[in-house]
Amino acid sequence: MADTAKTATLTIGDQSFDLPIYSPTAGPDVIDIRKLYAQAGVFTYDPGFTSTASCDSTITFIDGDEGILTHRGYPIGQLAGKSHYLEVCYLLLYGELPTAAELETFEGTITRHTMLHEQMQYFFRGFRRDAHPMATMVGVVGAMSAFYHDSTDIADPRQREIASHRLIAKMPTIAAWAYKYSIGQPFVYPRNDLDYASNFLHMCFSVPAEPYHVDPILARAMDRIFTLHADHEQNASTSTVRLASSSGANPFACIAAGIACLWGPAHGGANQACLEMLKEIGSVDRIPEYIARAKDKNDPFRLMGFGHRVYKNFDPRATVMKQSADEVLDLLGVEDNPLLQVAKELERIALADEYFAEKKLFPNVDFYSGIILEAMGFPTSMFTPIFALSRTVGWISQWKEQLADPQMKIGRPRQLYQGNTTRDYVDIENR
Ligand code: CMC
């Protein structure tokens, strides 16, 4: 942690406490309150962690006011335009862009780990046929700790490395098989001659009965979706992974916890919810009705794919995603896609509306991703699994960073207790 000459002074009654302030390489200063309870006997209160830095990190930086997102210093727009997913994975995991030789070795390692233990098939088959693929993914990823015993010892750096590679390599197979199972088609084995995105499309869309050709332009769009979702600093699912890991849990259990958290509609589940909303709106003339509902305090409806805890200007991932949506629909010859029309008009009307401007609500990454994924042939239930497979590298990189951090402690927040004070037990006949 950076040394600092600055301090903040907290006064409680007639006592003052000096709290160190640390300056990061980018972003706001941070007040260190770790000794506050020991010195002053008070807790801080921050439900939702809106003002709390939970760790040191060197991986991802977001400036929400300026719409900036960087991984290891590189802007997301440059990575999405010039790099590709496995190179970004290397960057997130190891801190630097790889040389050609390093990238070749890394890609070879990931490619060699794409198959699942054959017995895992039976685990998939234990789920109800109509299980949501996210439910299957949470279960199967958690179950990896029962299949890969030789990479669960977090104290061994080599085992940590192997677990990282296994998770990144096997997640597309797990997501594709969860999908295949849900539609009653046979599991398709990975093909190691294909790149990461092409192999995922192959496992999702090919069937044994006929040849399947992966369109390289669709594979590029898929790869870009993976890249745009690769990491996002200390969001809810990443913080869940870090909290689970702080107890010493094995990597597969930690990532399963992250997947469970991602599923919620306020987080990764928003891409499915957003496309369902666009379909429900259906046509441009119904948009005002939904805008009015989103603004109505008595209506729980929210514009899905809109708003972000950190971005208060624009989400740089959404800018790339919108461009990609145009390109993919153009490529597929889907002219005048009604959902894209509704989405663009909804965005235009919302951005011109005082309510959304005042609350700084803009389209986020999930607003356009569903349109692309649907055009590629994915059902809405696969949108969040695709987010989960893309984010796995982010979770793993943050998990690795945390385990190497000498300041790492078990995460144990405190509370503002509002319940009864101690009282005596009342026998049942006297209640
Ligand atoms: N539609 C209408 N009003 C909204 C929306 C929305 N999508 N989002 C926030 N607001 C309003 C909210 O009602 C509140 O109003 P008021 O101050 O009058 O009570 C104000 O804006 C602040 O909202 P908040 O819920 O306190 O903000 P938050 O930072 O806790 O929540 C959010 C951020 C992303 C959960 C929220 O904007 C939301 O629910 N958006 C829709 C779901 C979504 O698209 N999630 C994906 C996020 S990006 C991908 C990811 O991280 O997984």
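These entries record what I looked up in a predicted model, beginning with salt bridges and ending with the annotated active site.

**Entry 1. Salt bridges**

I searched the whole structure and obtained 16 salt bridges. I then examined three of them, including the pair formed by Lys-6 and Asp-29.

For Lys-6 and Asp-29, I noted 2.5 Å between the closest N and O atoms. This pair joins distant parts of the chain, with the two positions 23 residues apart in sequence: Lys-6 belongs to the segment before strand S1 (7-12), and Asp-29 to the loop between strand S2 (15-22) and strand S3 (30-31). I checked accessibility for both partners. Lys-6 is partly exposed at 40% relative accessible area, and Asp-29 is partly exposed at 37%.

Next I looked at Arg-191 and Asp-193, whose side chains form a salt bridge with an N to O distance of 2.7 Å. Asp-193 is exposed, since its relative accessible area is 58% and the class begins over 50%. Arg-191, at 35%, is partly exposed.

I then turned to Arg-224 and Glu-327, where the closest N and O atoms lie 3.4 Å apart. This salt bridge also links distant parts of the chain, connecting helix H9 (residues 216-228), which holds Arg-224, to helix H14 (residues 316-331), which holds Glu-327; the two are 103 residues apart. I recorded Arg-224 as buried because its relative accessible area of 14% falls under 20%. Glu-327 is partly exposed at 44%.

**Entry 2. Ser-182**

I located Ser-182 in helix H7 (residues 157-182). A polar atom of the Ser-182 side chain lies 2.7 Å from the backbone oxygen of Tyr-179. Beyond four places in sequence, I found Ser-182 touching Arg-129 and Ala-131.

**Entry 3. Annotated active site**

I consulted UniProt, where an unreviewed entry lists His-308 and Asp-366 under "active site". The two residues cluster in space despite a spread over 59 residues of sequence, the largest C-alpha distance being 10.6 Å. Of these residues, His-308 is included in the lining of the largest cavity.

I placed His-308 in the loop between helix H13 (287-295) and H14. His-308 is partly exposed, with 23% relative accessibility. The His-308 side chain comes within reach of the backbone nitrogen of Val-310 at 2.9 Å. Setting aside neighbours within four places in sequence, I listed His-232 and Arg-317 as contacts of His-308.

I found Asp-366 in helix H17 (residues 366-376). Asp-366 is buried, its relative accessible area being 5%. With neighbours within four places again excluded, the contacts of Asp-366 are His-229, His-267, Ala-270, Asn-271, Cys-274, Gly-305 and Phe-387.

Key:
Residues numbered from 1 in each chain as written. Predicted model: local features only at pLDDT ≥ 70, side-chain atom pairs only at ≥ 80, totals over all residues. Heavy atoms only, no water. Salt bridge = Lys/Arg side-chain N within 4 Å of Asp/Glu carboxyl O. Helix = DSSP H or I, 4+ residues; strand = E, 2+ residues; numbered from the N terminus. Buried < 20%, exposed > 50% of the residue type's maximum accessible area, 1.4 Å probe, protein only. Polar contact = N/O pair within 3.5 Å; in protein donor to acceptor, adjacent residues only side chain to side chain. Contact = heavy atoms within 4.5 Å. UniProt positions renumbered as here; feature names shortened; annotations may be inferred. 1 Å grid on protein atoms, 1.4 Å probe; cavity = no way out; pocket = protein on both sides within 12 Å on 5 of 7 lines; lining within 4 Å.
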